[in-house]
Amino acid sequence: MIFNSRLMNPLWYGVLVAGLISCTPSSTSGQTKLPVRTITLVGQEDKRIPLQVEVADTDQSRSQGFMYRKNIPDGTGMLFVFDRDQVLTFWMKNTLVPLSIAYISSDGRIIDILDMESQSLKPVVSSRSVRYALEVPQGYFNRVGIQEGDRVLGIAD
């Protein structure tokens, strides 16, 4: 090991660590496999739409979300599960695909549906306390006729 006093400076150490992290393959391609399940969107006149979702129910999986994904097909999404009701805020840092998000109450009612632009750092905030967030490809809720006030079945275990 070669000793270099310049590298012992905390600023240089921070730059070195940040550089190593940014070169780590897992930051872009090492998606952790999340559990997958089918939930059901229930629209007007009891119209039922099945949706395959990855379940993000840990701090790590919720932080990663759909980051670095290049394709999210219609009929799929990600369900973010929280331990308690709270006002939720999402953003699209490092998320390459535009998404729509539904904020969902603990009883499965869709409170808000909002669009989010890829890689935007703009916060997207729920209008009130909710338990779940559901991300799908942008416009999917509209394409299948799901709107605020509709229900989601199969989100609670």
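This section describes the strand order, the salt bridges and the nonpolar cores of a predicted model.

The model contains an open sheet of 7 strands. Their order is β6-β5-β8-β3-β2-β1-β9, and the pairing is mixed. Two strands stand at the edges: β6 (110-116) and β9 (151-153). Each has a single partner strand, so one side of each is left without a neighbour in the sheet. From one strand to the next, the twist averages 30 degrees.

Within this sheet, β1 covers residues 36-42 and β2 covers residues 48-56. The two strands run antiparallel and are joined by 7 bridges. One residue pair illustrates the register: I39 has L51 in β2 as its bridge partner.

Strand β1 also carries R37. This arginine counts as buried, because its relative accessibility is 18% and the cut-off for burial is under 20%. A polar atom of the R37 side chain lies 3.0 Å from the backbone oxygen of I155.

Salt bridges were counted next. The total comes to 6. One of them links the side chains of D46 and R48, with an N to O distance of 3.3 Å. D46 also forms a salt bridge with R151, where the closest N and O atoms are 3.8 Å apart. R151 belongs to strand β9, whereas D46 sits in the loop between β1 and β2. The pair therefore ties together parts that are 105 residues apart in sequence. Shared partners join D46, R48 and R151 into one network. Accessibility was computed for each member of this network. D46 is partly exposed, at 43% relative accessibility. R48 is partly exposed as well, at 46%. R151 has a relative accessible area of 30% and is likewise partly exposed.

A further salt bridge joins the side chains of D74 and R143, at 2.8 Å from N to O. D74 lies in the loop between α3 (59-64) and β3 (76-86). R143 lies in helix α4, which spans residues 140-143. These positions are 69 residues apart in sequence, so the pair ties together separate parts of the chain. D74 is partly exposed, with a relative accessible area of 44%. R143 is also partly exposed, at 47% relative accessibility.

Attention now turns to the nonpolar residues. In soluble globular proteins, nonpolar side chains tend to be buried together. The largest nonpolar core in the model has 20 residues. Those with the most contacts inside this core are L41, L51, I104 and L134. At least two core residues come from each of β1, β2, β3, β5 (99-104), β8 (130-137) and α4. Strand β2 gives the most, with 4 residues. L51, the bridge partner of I39, is thus named again here, among the residues with the most contacts inside the core.

The surroundings of L41 were examined further. Neighbours within four places in sequence were set aside. The remaining contacts of L41 include the nonpolar residues I49, L51, L134, F141, I146 and V152. K47, R48, Y140 and R151 are also in contact with L41. Two of these residues, R48 and R151, belong to the salt-bridge network with D46.

A second core is separate from the one above. This second core has 19 residues, including F82, F90, L99 and A133.

Notes: Residues are numbered from 1 along each chain as its sequence is written. This is a predicted model: local features need pLDDT of at least 70, side-chain atom pairs count only at pLDDT 80 or more; totals for chains, interfaces and linings use all residues. Side-chain values use heavy atoms; hydrogens and water are left out. Two strands pair if DSSP finds at least two bridges between them. Axes are lines fitted to C-alpha atoms, for helices over the stretch in contact, and angles run from 0 to 180 degrees between N-to-C directions. A salt bridge is a side-chain nitrogen of Lys or Arg within 4 Å of a carboxyl oxygen of Asp or Glu. Buried means under 20% relative accessible area, exposed over 50%, partly exposed in between (1.4 Å probe, protein chains only). A nonpolar core is a set of buried Ala, Val, Leu, Ile, Met, Phe, Trp, Tyr and Cys residues joined through side-chain atoms within 4.5 Å. Contact means heavy atoms within 4.5 Å. A polar contact is a pair of N or O atoms within 3.5 Å; within protein, one must be able to donate a hydrogen and the other to accept it, and residues adjacent in sequence count only if both atoms are side-chain atoms.
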